[in-house]
Amino acid sequence: MALGPKSDIFHLDQNSKTWICSSGLPSDVTIEVGDVSFQLHKFPLVSRSKMLEKLIGDSSDDEGKITFEDEKRPFAKLHDLPGGPKIFLLIAKFCYGVKLEVNSTNVVPLRCASEYLQMTEEYGEGNLIDHTESYFNVVFDTWIDTLKALESCEEMVEYAEKLDIVSRCIESLALKACTFDKGLFSGSSTESKDNPFATVIWNGIQTTSTNQDWWYDDVSKLSLHLYRRFILAVESRNLDQERIAGSLMYYAKKYLPLLGRESTFSSGNLSSSSSSSLYLNSDQKILLEEIVDLLPSQKQVVPTKLLLRLLRTAMILHCNPLCIGNLERRIGMQLDQASIEDILIPNMGYSSETLYEIDCVQRMLDHFMVAEQDQEESEVTESSFNGDNDDDDDDDELIGKSRSLAPMTMVANLVDNYLAEVASDVNLKLEKFQSLAATVPDYARPMDDGIYRAVDIYLKAHPWLTDLDRELIIRLLDCQKLSLEASTHAAQNERLPLRFIVQVLFFEQLRLRTSVAGCLYVSDNYNSQPHLSSSMVLPESGNMHLLTTRENDRRLMAEDMRGRVSELEKECLTMKKEINKLVKTKGVSWNSLCKIFGLGLRLKSKPHEGCASSNDRDRKKVPPPSRIRDVPNGKNQDQENGELVD
C-alpha cells in the first residue's frame, strides 16, 4: 500500500548519522531515536501526533525526554519508540506527505509506533493508525503476508500484544492451516511448498510430501513462544492430531541437533547445524520440554522411533523428570512398535552402574502392561454389556483374543532380545534381570528360546553366582517350551543347574516317545487296510486307476513313516546315552536321580524296546509340568514298574 503523493525529500548525512529534510526551510526541531538524529520541522509533526505535540510544545524539561539546546531548536529523545530509527523515518515521511510503501513486513511496527505517538483521527483525517488498521485486512488475506506480519511482532511483542495483533495473526494462520488447501492463500515462499508433492528425506526414508504438511516449514520459523500459541490455536480448531504431531516433530528436528543430526532434506528446507545454533543447550532443554508438553495425547500419532529419540535427547539435556516420565508413558503405550536398537539407551548418569538404562526400560514395560490390562478390562466390560448368547459372538471373541495377544508377544520378544543384549554387563544385578524378565507373563512367550539365550549369556558373564542364584534365575524358564535346538544346547550346558538339565532330558524323551507312538499307531492302522479292502466288492474298471494311485500314495506314506520311526528311535538312543554320560560325570546313580526329581524311569537293555509295545505306550501318561517341577523327593508317586501315574 502506497501513502503520500510527494517525492522523497530526506537524505542521510553519513558522518553525523543525521537525517535532514531538504524542503527549503531550515529545520526547527531535532528528534533523536537511538543513535540517529532527525532535523525536522515542528508543524508537520505536531499536526499528526499528540505525543510529539506535547514533547515539542512543552518548554520545560521532562526527565530527559526533552531538553533545549538553544531557544530556537527544541531537542526530543524517543529511544523507546517501537521499530527504532527505521520506522520513525517512515513516520516522518508520512507526516510530510512523502510517498512511502506499507507492506506486511513494516505494517506491525508502523501500527505500534503510531499508537505510541498517538496518531489518531483527532490529529488529521486518515491518520496513520487508521491506514495501518485497514491494511491488516489485506495482510490477513494471504498466508505468507500474515506469517511475515507475525514474524515482525518478535521485536515488539509487548506493544503487539496490547494491540491484539499477535492473536489476530495467529488466528488467521490457524484458520488457513486447518483449511488444508494452500492454493487458497497464495501458497508459500519455498520450493517444497511450490511443489506440495515434492520428495523429501525424513529419518533416512524417502517420502512424498503432501498438501497436509505444506505449512510445517513456514511456522517452524516462529519463535517458541509464538509457535506454541499457534499449535494451541490449531488444536482448538480440532485439527487432525497426526498433523499437529508432524509439525511438532519437524520443529524439534530443526532446532535440536541431537534429534536431527543424521537427517538431511533434499529440497533445501533446513540445515541442522545452522538452525540449531539459534538455541543454546539451556534453551534446547526448554524447547524439548515444551515440545513434549504439546504432543497430542492420542496413541500412535507419533512414531515410537521418534519418541525414543526424544527420550534419549531429553536424558542428554537433563530435562525435568516430568518431561522424561511423560515420554516413557507415551512409549510404553506403544512399546510393541519399538525395535531393539531404539531401546538400547546408554546410561547418562554420572554415578550409573549399568551400561544401559535398565530402569527406564522397566518403567516403559510397566506402562505397557498397565495399558494392556486396562484395555482387557474395558473389552470384558463391553462384552458383558453386549451379551454373549450367540454362537457367532464366541468366534469373534476368540479372534479378538488372538489379535490382542500379538502386541504382547511382540513385546515379549523385544524384552528377551533386550535382556540378551544387556546380560553381558557384569554390573547388571540379578534382581533387575529377574524383574524385567518376569514382568512379561508366561502366556506371552510361545517358546522360551529367547529368554533361555538371555539367561545363558547372563550366567556366562556372571560366573560367580551361587547355586541358589542359579536356581532363582532358572525359574524364568519352562523346559517344556524349549525347541529341539535349545533343548539340545541346554542338555550340554554346564552352567545350568543339574535339576534343570535332567528335566530337559526327561521331557525330550517323553516327546520322542509320544511321537513314536503316534507314528506306530498310524502304521498299524494302515496295515489293517488291505484286509478290509479285500473283503469289499471291487469297483468298476473305470475307477481302477484312481484306486491304484491312492494305494501307491498310501504305500509311500507308510515307507516315510517307517523312516521317521527309525530316526526317532536313533534320537531316543542318543538321549539315553547323554543321560548315562551325565550320570557318570556328576557321580550320581539313576535311583538317586529318580528320588531327587520324583521321576520313575524304566531302564531297558535294548533301546528299541521303549517303542515296541503299543499297549505299554497307551498306559503311560505324561505328567503335567507342575508335577515335574514341584514334586518333593518323589513323594505321592507310584513308582511300581517304573511308570508315572496321575
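**Notebook: loops, cysteines and a charged patch**

I began with Q212, which is partly exposed at a relative accessible area of 38%. This is a predicted model, and I read every entry with that in mind.

**Q212.** I looked up where Q212 sits. It is in the loop between β10 (205–208) and α10 (216–219). Next I checked its distance to D240. The two are 28 residues apart in sequence. In space, Q212 and D240 are 9.9 Å apart, C-alpha to C-alpha.

**S22.** I turned to a second loop. S22 lies between β3 (18–21) and β4 (29–33). Is S22 buried or exposed? Neither: its relative accessibility is 45%, so S22 counts as partly exposed, in between the cut-offs of under 20% for buried and over 50% for exposed. I also paired S22 with D8. They are 14 residues apart in sequence, and their C-alpha atoms are 9.3 Å apart in space.

**Cysteines.** I looked up two of them. C178 is partly exposed, with a relative accessible area of 25%. C479 has 4% relative accessibility, so C479 counts as buried, because the cut-off for buried is under 20%. How many disulfides does the count come to? I noted 0, with a disulfide taken as a pair of cysteine sulfur atoms within 2.5 Å.

**Charge.** Last, I went to the surface. Which residues gather in a patch of negative charge there? I listed D374, E376, E377 and E379. I then placed one of them: E376 lies in helix α18, residues 358–386.

How values were computed:
Residues are numbered from 1 along each chain as its sequence is written. This is a predicted model: local features need pLDDT of at least 70, side-chain atom pairs count only at pLDDT 80 or more; totals for chains, interfaces and linings use all residues. Side-chain values use heavy atoms; hydrogens and water are left out. Helices (H or I, at least four residues) and strands (E, at least two) are DSSP runs, numbered from the N terminus. Buried means under 20% relative accessible area, exposed over 50%, partly exposed in between (1.4 Å probe, protein chains only). Patches are made of residues with over 30% relative accessible area and no salt bridge: like charges are joined within 9 Å, nonpolar side chains (Val, Leu, Ile, Met, Phe, Trp, Tyr) within 5 Å. Accessible areas come from the Shrake-Rupley method with a 1.4 Å probe; for residues, only the protein chains shown count as cover. A salt bridge is a side-chain nitrogen of Lys or Arg within 4 Å of a carboxyl oxygen of Asp or Glu. Lys and Arg count as positive and Asp and Glu as negative; His and the chain ends are not counted. The place of a charge is taken as NZ of Lys, CZ of Arg, CG of Asp or CD of Glu.
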